[in-house]
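This report looks at how the helices of one protein chain are arranged and which residues they cover. Please have the sequence and the model in view while reading.

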Amino acid sequence: MTETTTTVPAGPAQRALDRLAGIAIAIASCALIGLVLVQGWQVFTRYVLHDSPSWTEPVTLLLLATAMSFGAAAGVHTNRHFGFYLLAESLPAPVRRVLYVLRPLLIAAVGAMIAVWGAQLLVDGLDIKIAGASMPQSINYLPLTFGGALICVFALHKAWLATQPPREQGA
């Protein structure tokens, strides 16, 4: 009789984080679609109507920051980020296990820094209006703040999973 490994059903925390990552992907996707539409409008008005609106550049930057931040957070959740896996796999098992915990903790620290500093920059510029659009100058830090927080949450969950023993079921 051979033993096989099967996937253990995801717990409530994993399902909630999966839903959160799905929302992040949806937000990033909508931001990319919005980016294409805004830039298309910019090109049309500049070269066809010869009257370029001033709001397109700040909106484009906001949409780009949104797509990047939420896409990066979803990438952490799905392990589609730099991880230096070849280095970890070449090390002895005990060292590898430590790296499996340290790697997401480092990512969580970077996400936390992005979230905290993004929030500080957001608050600092809320009373200054952006040229060409009726938005605060610091609005581009809003998606960085939320994206950084999501990166931190997703990475902390990965670190916690790395401390758990492997879950297998016999067949």
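In helix α1, the buried residues are Gln-14, Leu-17, Ala-21, Ala-24, Ala-28, Ala-31, Gly-34, Leu-35, Val-38, Gln-42 and Thr-45. The model is a predicted one. An α-helix has 3.6 residues a turn, so residues three or four places apart point the same way. The buried residues of α1 pack against α2 and α5, the latter covering residues 141–163.

**Helix lengths**

The lengths of two helices can be checked against a rise of 1.5 Å a residue. The table sets the expected span beside the distance between the end C-alpha atoms.

| Helix | Residues | Number of residues | Expected span | End C-alpha distance |
|---|---|---|---|---|
| α1 | 12–47 | 36 residues | 52 Å | 52 Å |
| α2 | 56–77 | 22 residues | 32 Å | 31 Å |

For α1, the end C-alpha distance agrees with the expected span. The α2 values, 32 Å expected and 31 Å between the ends, agree as well.

**Helix α2**

Helix α2 is mostly covered, with 16 of its 22 residues buried. One residue of α2 is Thr-56. Is Thr-56 buried or exposed? Thr-56 has a relative accessible area of 3%, so Thr-56 is buried, the cut-off for buried being under 20%. Leaving aside residues up to four places away in sequence, Thr-56 touches Val-38, Gln-39, Trp-41 and Gln-42. Two of these contacts, Val-38 and Gln-42, are among the buried residues of α1. After α2 comes Asn-79, which has a positive phi, near 60 degrees.

**Helices α4 and α5**

Two packed helices are described by the angle between their axes and the distance between the axes. Helix α4, residues 93–124, packs with α5 at an angle of about 160 degrees, and their axes are 7 Å apart. Angles over 145 degrees count as roughly antiparallel, and α4 and α5 are therefore roughly antiparallel to each other. The crossing of α4 past α5 is left-handed.

Gln-120 is located in α4. With a relative accessible area of 46%, Gln-120 is partly exposed. Gln-120 and Tyr-141 are 21 residues apart along the chain, and their C-alpha atoms are separated by 8.8 Å.

**Cysteines**

A disulfide is a covalent bond between the sulfur atoms of two cysteines. How many disulfides does the model have? With sulfur atoms required to be within 2.5 Å, the count comes to zero. Cys-30 has a relative accessible area of 55% and is exposed, whereas Cys-152, at 17%, counts as buried.

Methods
Residues are numbered from 1 along each chain as its sequence is written. This is a predicted model: local features need pLDDT of at least 70, side-chain atom pairs count only at pLDDT 80 or more; totals for chains, interfaces and linings use all residues. Side-chain values use heavy atoms; hydrogens and water are left out. Helices (H or I, at least four residues) and strands (E, at least two) are DSSP runs, numbered from the N terminus. The expected span of a helix is 1.5 Å times one less than its number of residues. Buried means under 20% relative accessible area, exposed over 50%, partly exposed in between (1.4 Å probe, protein chains only). Contact means heavy atoms within 4.5 Å. Axes are lines fitted to C-alpha atoms, for helices over the stretch in contact, and angles run from 0 to 180 degrees between N-to-C directions. Angles under 35 degrees count as roughly parallel, over 145 as roughly antiparallel, 65 to 115 as roughly perpendicular and the rest as oblique. A crossing is left-handed if the near helix is turned anticlockwise from the far one by less than a right angle, and right-handed if clockwise.
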